[in-house]
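This report concerns the interface between two domains of a protein. The sequence and structure are shown below.

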Amino acid sequence: MNQFLNIKDISSLPDLLEEAKEVKANPFGWKSLGKNKSICLLFLNPSLRTRLSSQRAAQNLGLDAVVLDVDAGSWKLEFADGAVMNGDSAEHIREAAAVIGAYFDVVAIRAFAELKDRDEDYSEKILSAFVNYCGVPVINMESSTGHPLQALADLITIEEHKKVAKPKVVLTWAPHPRAIPQAVANSFVEWMTVADVELTITHPKGYELAPQYLGDFKPEYDQQKAFEDADFIYAKNWSSYTEYGKVLSNDPKWMITVEKMKFTNKAKFMHCLPVRRNQVVEDAVLDSSDSLVIEEAANRIVSMQTVLKKMLESM
Ligand code: CP
């Protein structure tokens with residue numbers, strides 16, 4: 001594997017899941033793989049899980065990890081080609097990415113959608129610039145349009161907890177006070193489409209995901225109907241793709257509650273975290289024994305370590 005930007009960078013999902021199982025069973029089994037190699041974890045946005053799990057995954061492989069918070073500890077970057085740099089930006093991505101690539105063997109990047117210009121966000125301007133200019137393998141730690149490390153951790157968690165060969169997995173929109181990118185939902189759909197699950201997507205009208213992710217899926221606008229017989233409920237908020245970046249509704253009726261979970265087949269509850277309690281999901285669901293959110297977060301080490309292992313093995 002020489003990059004991990006989205007699901008297209010993996011050759012076989014079943015093989016990757018098998019490898020993840022081996023990594024989880026024996027996390028220190030490849031301790032010398034990363035010897036004398038290094039990774040730069042570059043954050044343009046906040047993080048708790050991605051930041052810590054990526055460092056832990058690197059340590060488990062003997063890989064030296066350095067974290068850089070671009071906006072807090074580095075120069076403000078310019079991404080536009082041909083820009084006259086007489087404003088706030090002191091360094092162009094062409095030099096910055098090339099320099100980082102000269103210092104490290106792998107670069108991992110977090111750069112959220114700005115939710116101002118859909119075409120610009122969906123062009124993956126920042127992620128693509130690093131791929132183009134840094135000259136070393138790049139890992140997506142959540143970009144404008146996708147969060148593949150999260151989707152892989154989600155799928156590992158579903159595989160560990162499923163009771164039937166092809167479980168019913170429901171991606172449900174849930175209310176949130178702020179505009180959130182579509183990245184987690186996009187990747188979840190992308191990965192579940194390839195995985196051996198029966199996926200249902202439910203959200204209020206106006207929250208349809210981008211056609212390239214939605215494919216042939218017809219959203220179920222009745223959340224209760226979507227929940228029927230579900231084995232896994234995956235809650236996530238996202239802003240509108242069609243009315244780009246807008247919060248069209250914040251209807252509290254879409255919050256995940258114990259009453260709604262009763263419509264399911266004793267479903268497990270999932271969320272990528274961070275989650276706003278009693279806004280997205282009520283305490284009683286999150287604190288129940290059916291909540292998988294902590295295991296899901298723990299599997300973020302496994303997903304990153306599996307990707308890093310494959311990358312180091314192909315160097
Ligand atoms: N789920 C996730 O990516 O968490 P962080 O934003 O805290 O990294």
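Which residue forms a salt bridge with Lys-24, and how far apart are the closest N and O atoms? The partner is Glu-160, and the closest N and O atoms of the pair lie 2.9 Å apart. This value, like the others here, is computed from a predicted model. Across the interface of domain 1 and domain 2, one salt bridge is found.

The elements that contribute two or more residues to the side of domain 1 touching domain 2 are helix 1 (13-25), helix 5 (118-122) and helix 13 (293-313). Of these, helix 13 gives the most, with six residues. Sorted by class, this side of domain 1 has twelve nonpolar, six polar and nine charged residues.

**Division and extent**

Domain 1 consists of residues 7-146 together with 298-313, while domain 2 spans 150-295. The extent of the interface may be expressed in several ways. The size of an interface is often given as the accessible area lost when the parts come together. For domain 1 and domain 2, the buried area is about 2400 Å², and carbon and sulfur atoms give 63% of it. The table collects further values for this pair of domains.

| Item | Value |
|---|---|
| Separation of the domain 1 and domain 2 centres, over C-alpha atoms | 25 Å |
| Residues of domain 1 in contact with domain 2 | 27 residues |
| Residues of domain 2 in contact with domain 1 | 33 residues |
| Residue pairs in polar contact across the interface of domain 1 and domain 2 (both at pLDDT 80 or more) | 14 residue pairs |

Definitions and conventions: Residues are numbered from 1 along each chain as its sequence is written. This is a predicted model: local features need pLDDT of at least 70, side-chain atom pairs count only at pLDDT 80 or more; totals for chains, interfaces and linings use all residues. Side-chain values use heavy atoms; hydrogens and water are left out. Domain bounds come from an automatic or database domain assignment. Contact means heavy atoms within 4.5 Å. Buried area is the accessible area (1.4 Å probe) that two parts lose on being put together, summed over both. A salt bridge is a side-chain nitrogen of Lys or Arg within 4 Å of a carboxyl oxygen of Asp or Glu. A polar contact is a pair of N or O atoms within 3.5 Å; within protein, one must be able to donate a hydrogen and the other to accept it, and residues adjacent in sequence count only if both atoms are side-chain atoms. Helices (H or I, at least four residues) and strands (E, at least two) are DSSP runs, numbered from the N terminus. Ala, Val, Leu, Ile, Met, Phe, Trp, Tyr, Cys and Pro count as nonpolar, Asp, Glu, Lys and Arg as charged, and the others, Gly among them, as polar.
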